[in-house]
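Trainee: I am new to this structure and would like a close look at a single part of it. Could you take me carefully through one place where two helices meet?

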Amino acid sequence: MTVRVRMPRIALLTARGATPEPPEEIATRRSSLRSGRLVAIATVSALALSLAACGGTTKDSASSNGNGAAAGGQASADPNAPIKKGLKIAFLPKQVNNPYETIVDNAGIAAAKEYGGEAKEVGPSDASASSQVSYINTLVQQRHDAILIAANDENAVCGPLKAAMAKNVKIVAYDSDTAKDCRNLFINQASSEEIGRSQVKLLSDQIGGKGEIAILSATANATNQNTWIKFMQDELKKPEYSGLKLVKIAYGDDDDQKSFQQTQGLLQAYPNLKGIISPTTVGIAAAARYIGGSKYKGKVTLTGLGTPNQMRQFIKDGTVKQFALWDPKNLGYLASYAAAALASGQITGAEGEKFKAGKLGERTIGANGEVILGPPTVFDAKNIDQYNF
């Protein structure tokens, strides 16, 4: 059996008659080798970065943050860029059987034809918080350039929307916002504060500033409804509204029958109720239908947000005196052009950027990526026949 013994390097050199290197020279040589390796690594890294900078960006590889800028902050607006032809955009409303949402989306689809794009409407038949998620995923798979969404829940849709933005799909919220970092823009029909506060004034003026009132909302998670209600509650704290008492906030889930039943329940539970605010087109129409056929007609005042065509009969028979809304056709039209401007690189969603919205003229992006359509219109017996939507 042979046993091999490994000798230290210095001892081995001495045994062979060679002069060993001094320890300090060995340390110097090793340091030089390490420096060389670091230089080589740095050179390879620089070359890799250079090649990456020269590479093209595809819809699948690009990513963007909540402010519309590409990952790394390299995106910049080119206001003179033409709108790209053949853009694919899709409207995803709260629910497809909502008459108001249908008006908005059809106007946006028509606008797309003006700038040479392709647009469609898809969506759930119910307004539950997570009902829109599968549609977002499908639209991304279909490689749409932009998705326009009226969110049922500001957070439930965030995950898939962020995934879409990571693939350079532009996200425009309209009517009902998402969380701010989950979209590029929000097209607001009017100032949320103005809507909320004006609804309180509208009802107060009609009932003489005194009495119990209730709110009939859509879903409990609807961003726009909750924002308006917050401003209503704040407005009610003012001294001029001290005679009003908010007794209940009810939710009809933007369902006609449930809203009808909620109205009935409110009037039975609060026999002294003087007025109801319903800031939802489904809710106000259902409430008007119940009140108009009951003993409460002429005794309980109803106002809120509705379309002229829905509310015309109730204005004419005296069930409702006044209600308000903006032009939903213009909301869809503006949202469509905003999506096209984003997808074409004219804007990124940053505050102060401007874009042209066809017949609606130039629009400016405000704080938090918000673009406001304009103030709401109050409808009554004098002017309702001037409108047809």
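Mentor: What follows is a look at the packing of one helix pair, with a short turn to a pocket at the end. Please keep in mind that this is a predicted model. The pair is made of helix H3, which covers residues 99–114, and helix H11, which covers residues 328–343, and their axes lie 7 Å apart at an angle of about 45 degrees. Angles of 65 to 115 degrees count as roughly perpendicular and those under 35 degrees as roughly parallel, and H3 and H11 are therefore oblique to each other. The crossing of these two helices is right-handed. On the side of H3, the residues in contact are Tyr100, Ile103, Val104, Ala107, Gly108, Ala111, Ala112 and Glu114, and they meet Pro328, Lys329, Leu331, Gly332, Tyr333, Ser336 and Tyr337 of H11. Sorted by class, this contact between H3 and H11 holds ten nonpolar residues, together with three polar and two charged ones.

For a view of another part, turn to the second largest pocket, which encloses about 280 Å³ of space. Its lining consists of 18 residues, of which Asp177, Lys180, Phe186, Ser192 and Glu370 are the closest to the centre of the pocket. Strand S5 (185–188) and helix H7 (223–235) are the elements that each give two or more residues to this lining, and H7 gives the most, with five residues. By class, the lining of the second largest pocket has seven charged, seven polar and four nonpolar residues.

Technical notes:
Residues numbered from 1 in each chain as written. Predicted model: local features only at pLDDT ≥ 70, side-chain atom pairs only at ≥ 80, totals over all residues. Heavy atoms only, no water. 1 Å grid on protein atoms, 1.4 Å probe; cavity = no way out; pocket = protein on both sides within 12 Å on 5 of 7 lines; lining within 4 Å. Points joined across faces, edges and corners; volume = space filled by probe spheres on them. Helix = DSSP H or I, 4+ residues; strand = E, 2+ residues; numbered from the N terminus. Nonpolar A, V, L, I, M, F, W, Y, C, P; charged D, E, K, R; others polar. Axes fitted to C-alpha atoms, helices over the stretch in contact; angles between N-to-C directions. Parallel < 35°, antiparallel > 145°, perpendicular 65-115°, else oblique. Left-handed = near helix turned anticlockwise from the far one by under 90°. Contact = heavy atoms within 4.5 Å.
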